[in-house]
Amino acid sequence: MNFSRQALLGIGMIIGGSVMLYAMVQQIGDSNEPQPASAMVDKPSPEQESPQPLTTDIETEKRILAEKQKERAARVAEQEKRAQQFLTEQEAAEAEALAKARAESQQYMASSAAAAEESDKSDAEKNDATAPIKKTSAAESAESETNTGNQQKAAQAQQEAQRQAAIKEQAAAKKLADSKKEAEAKRQAEVKKQADAAAEKKQAAAEAAKNEPPKSPSDYQVKRGDGLIKLARQYNMPVEVLAQANNLSPSTSLQLGQNITIPSRKQVERLAREAAAAEQAREDKRQKEEALAKKSADAKREAQQKLSEARKEVKETDAKGSFGVQVALANDQAKADELAKKFKSAGYQVKTSPTSRGVRVIVGPERGKVAALALKDKINSDPKVNTTSAWVLYWR
């Protein structure tokens, strides 16, 4: 009887826990049902009811948001499907445990009934037997008490085993429920995070659309605190474009009450392309000038090296005669003096010599014709004097 009560109590606890778990899972499923569309749609404000220009970026953001909503709905359906699968497996496990407990209870009751029947039969045979030697009533009583004690111990051990099994099943069911709750909490957090991200993107897109340049050029009167940089940021355009549209320098300060033109989107795009092309042209020109300067410097350095070598060679050979390099033939002395001043500022020794054809401007002299030729090459490659018509003549 004690075993039957405890077995029934354990079965009742299992059934009660299963019902509570099912109710909790059902409640979680109900809380995950989507709300009516009317409750989720905010009432538009008067400002939102007014038609706003739609841009390609807003349409793209809407399409991406719809795709993400579909993906979230698919993930929610998958998680609900898994939760239902977990619930089905839990119900199957509980049913199996209940059947096992019933089978063990019936087996125990059958074994107890067989043991009692066998004991009664043995007592009857002992009463009918005529054996000369009989056990005393004290010995039979002791043996009966021993058998009863053993049966009670076995029953208690079996009940304890069933109780431990029920406790383990309840712990497993609780762990499963906790894991479901945790998964549901994570899913809700992920859904909220995605919704917040989508709302932020939508707000950013709306703000960008609000600050875009106008469709057509518009006039603007400068207010206190306005500047080209501030207005360029306000209308989402480069400050160089806004300055170019008004024939101003990007560093120009605006005057209070001054009227300026806010260019349209197409003008902003065109001016941005022109500015980029101009910047690229300036960069190409700078690179060409640097390459030309480097080339001239290399040529000048090479000519100077040749001149030094030629002068050394002339010194070693002790060449006779002096030579000069004529760099120009001026019409008058004033022009010749001006040219001589330019060559002197470049570091050359210059003299002028009047002739019947004009006034010669001569650099030098150099000992030996080899050195004079090297000096001529240096002058022709020097960007400071910018001449290519120098030629060697005999000095004396």
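**Helices 9 and 10 and the four-stranded sheet**

Val370 is partly exposed, with a relative accessible area of 43%. This value lies between the 20% and 50% limits that set partly exposed residues apart from buried and exposed ones. The residue belongs to helix 10. Once neighbours within four places in sequence are set aside, Val370 is in contact with Ala310 and Glu313. Its C-alpha atom is separated by 9.3 Å from that of Phe323, although the two positions lie 47 residues apart along the chain as a sequence distance.

The model is a predicted one. Its chain contains ten helices and six strands. Of the 396 residues, 25% are buried. Among contacts with a separation of 6 or more, 74% link residues 24 or more positions apart. The accessible surface of the chain amounts to about 28400 Å². Carbon and sulfur atoms contribute 53% of that surface.

Four strands form an open sheet in the order 4-5-3-6. The pairing is antiparallel. Strand 4 and strand 6 (391–394) are the edge strands, each pairing on one side only. Neighbouring strands of the sheet are turned by 45° against each other on average, with direction ignored. In general, strands of a sheet pair through backbone hydrogen bonds, in either a parallel or an antiparallel manner. Strand 4 and strand 5 run antiparallel and are joined by five bridges. Within this part of the sheet, Thr352 stands opposite Val361 of strand 5.

Two helices lie across the strands. Helix 9 crosses strand 3, strand 4 and strand 5, and runs at about 165° to strand 4. Helix 10 lies across strand 3, strand 5 and strand 6, and its angle to strand 5 is about 125°. Strand 3 and strand 5 thus appear in both lists, that of helix 9 and that of helix 10.

Helix 9 spans residues 333–345, 13 residues in all. From its first C-alpha to its last it reaches 18 Å, close to the 18 Å expected at 1.5 Å a residue. Its buried residues are Ala336, Leu339, Ala340 and Phe343. Seen down the helix axis, these buried residues fall within an arc of 105°, so they line one face of helix 9. They pack against strand 3 (322–330), strand 4 (350–354) and strand 5 (359–367). Helix 10 (369–380) is a further packing partner of these buried residues. The face turned away from the buried side carries the exposed residues Ala334, Glu338, Lys341 and Ser345. Gly347 follows helix 9 and has a positive phi, near 100°.

Asn246 lies elsewhere in the chain, in the loop between helix 7 (239–245) and strand 2 (259–262). Asn246 has a relative accessible area of 16% and is therefore buried, as the cut-off for burial is under 20%. With neighbours within four places in sequence left aside, Asn246 is in contact with Ile260 and Thr261.

Technical notes. Residues are numbered from 1 along each chain as its sequence is written. This is a predicted model: local features need pLDDT of at least 70, side-chain atom pairs count only at pLDDT 80 or more; totals for chains, interfaces and linings use all residues. Side-chain values use heavy atoms; hydrogens and water are left out. The expected span of a helix is 1.5 Å times one less than its number of residues. Buried means under 20% relative accessible area, exposed over 50%, partly exposed in between (1.4 Å probe, protein chains only). The arc is that of the directions from the helix axis to the C-beta atoms. Contact means heavy atoms within 4.5 Å. Two strands pair if DSSP finds at least two bridges between them. Axes are lines fitted to C-alpha atoms, for helices over the stretch in contact, and angles run from 0 to 180 degrees between N-to-C directions. Accessible areas come from the Shrake-Rupley method with a 1.4 Å probe; for residues, only the protein chains shown count as cover.
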